[in-house]
Amino acid sequence: KAVVLRGSGDRAFCAGGDVAGLYREMRDNPSGTVRRDFFRDEYIVNRRIYRFAKPWISLIDGIDMGGGVGLSVHGSDSVASEKFLFAMPETTIGLFPDVGGGYFLSRLPGALGTFLALTSHRLKAADAIWAGIVDAHVPSAAMADLLAALGAADLSGPDANRKVDAVVARFATDAGMPTLPAMMPDIDRCFSGESLQEIEGKLRKHPGEWAQKQLAALLKLSPLSMAITLEQLKRCANRSFEDSMTIEYRMSQRCMQKGHDFFEGVRALLIDKDQKPQWNPPTIEGVREEMVESHFKQVWKDLFLD
């Protein structure tokens, strides 16, 4: 009658995919197929969740980032506790916000999706509810009781989602005041640019500590990763979920090629942990149009979703 998804530990719902494993395959077995099959299987699962006919209920009692967001945000109901922490941190490792990030981030209010995608900014429950990323806040201590109530409820019939909402409402509490509404004028002003150069320029001209903090964070990230992310959000803004996932699969396969910033980012942050990635190109000005465009070309074994 429904699917309820929970994290298996006490710290995270899901903190993301095993990107270190992808790095190790490139290093130890360059002809391996994990880098192809991992994303294919993951994106097919994301699509099945998005089109699932019955309620898909995520009880998020901890960290929800990257691949974990793909397992929760596309379902019918997402419930966050006070331990909830959201982020799409892919640009920190030279990747892009995949698992349908191009689809759901581009549909958030104003320039919020671009801001979250480029900066990896973290959200707690109140802000995620305000943005529409999750649906309700239920305290961690009440999650087990909510699960039991869902299991005992009659969730049959065409109004199953309404019935789920009614059960969740019995346990939902106020998540507190969101911080995003006060930030949105600055986010819209600085992150609504058509190019990375424009966004950088707006941040440099914007007065105040907030803009300078965001600029400093962006200048540490892979310029190529940010450029393909911005293009991804543009291309997916008016596409179907299936089209968006096909676009992201093509991007993923370009990122899995030897020498890409993705492997340098994973090395610097997760393998050697020197925190000193050597990006190529090293500056925003060095990103050429053909570098970005190469991430959107059809691949030999493309992703077709019917």
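Colleague: Before we turn to helix H12 and helix H13, how is an angle between two helices defined?

Modeller: Axes are lines fitted to C-alpha atoms over the stretch in contact, and the angle, from 0 to 180 degrees, is taken between N-to-C directions. In this predicted model, H12 spans residues 223-236 and H13 residues 241-255. They pack at about 160 degrees, and their axes are 10 Å apart. Angles over 145 degrees count as roughly antiparallel, so H12 is roughly antiparallel to H13.

Colleague: Which residues make the contact?

Modeller: H12 supplies Ile228, Gln232, Arg235 and Cys236, while H13 supplies Ser244, Ile247, Glu248, Met251 and Cys255. By type, five are nonpolar, two polar and two charged. The crossing of H12 past H13 is right-handed.

Colleague: How should I read a nonpolar core?

Modeller: In soluble globular proteins, nonpolar side chains tend to be buried together. Here the largest nonpolar core holds 71 residues. Phe86, Leu112, Leu116, Ile133, Phe191 and Phe262 have the most contacts inside it. H12 gives the largest share, seven residues. A second, separate core has 16 residues, including Leu59 and Phe171.

Colleague: What is Ile133 in contact with, leaving aside its neighbours within four places in sequence?

Modeller: Its partners include Val73, Ser78, Phe86 and Leu116. Phe86 and Leu116 are also listed among the core residues with the most contacts.

Colleague: How many residues of helix H1 are buried?

Modeller: Buried means under 20% relative accessible area. H1, residues 19-28, is mostly covered, with seven of its 10 residues buried. Among them are Val19, Leu22, Tyr23 and Glu25. The buried residues of H1 pack against helix H2 (34-50) and helix H14 (261-271).

Notes: Residues numbered from 1 in each chain as written. Predicted model: local features only at pLDDT ≥ 70, side-chain atom pairs only at ≥ 80, totals over all residues. Heavy atoms only, no water. Helix = DSSP H or I, 4+ residues; strand = E, 2+ residues; numbered from the N terminus. Parallel < 35°, antiparallel > 145°, perpendicular 65-115°, else oblique. Left-handed = near helix turned anticlockwise from the far one by under 90°. Contact = heavy atoms within 4.5 Å. Nonpolar A, V, L, I, M, F, W, Y, C, P; charged D, E, K, R; others polar. Core = buried A, V, L, I, M, F, W, Y, C linked by side-chain atoms within 4.5 Å. Buried < 20%, exposed > 50% of the residue type's maximum accessible area, 1.4 Å probe, protein only.
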